[in-house]
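Here are my comments on the model you sent, set out as numbered points. I begin with the ligand site and then turn to the fold around it.

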Amino acid sequence: MKLIIAALRRYLMSTGMFLIPFSFMRIWLLRICGVKIGKGCYIGFNVICDTNFSELIVIGNQVTISHNTLILAHTATPARSYLGGIYNEFKKVNISDGAWIGAKCIILPGVSIGENSMVGAGSVVSKATSPYSLYAGNPCRKIKDLCRQTLTKQLL
Ligand SMILES: CC(C)(COP(=O)(O)OP(=O)(O)OC[C@H]1O[C@@H](n2cnc3c(N)ncnc32)[C@H](O)[C@@H]1OP(=O)(O)O)[C@@H](O)C(=O)NCCC(=O)NCCS
């Protein structure tokens with residue numbers, strides 16, 4: 001049964017997130033698949049949230065996730081291999097309020113993205129990011145602090 005649900009989620013997400021034209025509809029789809037998403041978010045085309053463990057992904061309010069980003073919550077394989085015995089982890093991903101993940105990023109299992117933290121396009125995020133900061137690259141590194149005052153003014 002679990003396998004059938006996972007297969008259905010995989011199919012729904014991979015086709016739906018690519019084809020559905022509006023962000024609010026893509027958010028519905030992700031919620032149906034088990035992802036927890038707050039209010040006022042924007043989710044781009046083809047954003048894929050771990051199809052096997054979507055319920056481990058929590059997205060706050062006013063979060064932007066740009067096109068083609070991949071969010072992973074597990075490192076495990078059904079193959080009965082040596083490496084499959086070593087790597088067998090399931091970890092929660094948390095994306096805090098106001099964060100913005102650029103296009104084509106990869107967020108790895110266990111990562112927390114801080115409040116109002118910006119991740120540049122094409123980054124691979126393997127560690128937590130701090131609030132009000134810009135991160136970019138592979139591996140993703142902190143580039144600079146983002147001024148809280150400027151951000152607050154823009155929101156008003
Ligand atoms: C991060 C970003 C917003 C630029 O922010 P910024 O504050 O203007 O930063 P800067 O352009 O001054 O760059 C600062 C440094 O970070 C580097 N940098 C910026 N974006 C980067 C990225 N995505 N990957 C790697 N390095 C990056 C710059 O090369 C620069 O390096 P340097 O100091 O060695 O010269 C922009 O590069 C970006 O990634 N935008 C996201 C685009 C996107 O996903 N659009 C979809 C919208 S839904």
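**Notes on the ligand site and the fold**

1. The ligand is surrounded by G44, S66, G102, A103, G120, A121, G122, S123, L134, A136, G137 and I143. Please keep in mind, when reading this list, that the model is a predicted one.

2. What is the polarity of the shell around the ligand? Its residues divide into seven that count as polar and five that count as nonpolar, while no charged residue is present among them.

3. As for secondary structure, the protein chain has 16 strands together with four helices. Four of the strands form an open sheet with parallel pairing, in the order β3-β6-β11-β14; its edge strands, each of which pairs on one side only, are β3 (48-49) and β14 (124-125).

4. Within that sheet, β3 pairs with β6, a strand made of residues 70-71, in the parallel sense and over two bridges. At the residue level, I48 has L70 of β6 as its bridge partner.

5. Why does the radius of gyration agree with that of a compact globule? The protein chain has 16 Å, and a compact globule with 156 residues would have a value near 15 Å, so the two agree. The C-alpha trace nevertheless deserves a look along its principal axes, where the protein chain spans about 50 × 35 × 20 Å.

6. Two further values describe the packing of the protein chain. Of its 156 residues, 30% count as buried, and among the contacts with a separation of 6 or more, 27% are accounted for by residues 24 or more positions apart.

Notes. Residues numbered from 1 in each chain as written. Predicted model: local features only at pLDDT ≥ 70, side-chain atom pairs only at ≥ 80, totals over all residues. Pairing = 2+ DSSP bridges. Rg over C-alpha atoms; globule rule 2.2 N^0.38 Å. Buried ≥ 20, exposed ≤ 12 C-beta atoms within 10 Å, placed from the backbone. Contact = placed C-beta atoms within 7 Å. Near = placed C-beta within 6 Å. Nonpolar A, V, L, I, M, F, W, Y, C, P; charged D, E, K, R; others polar.
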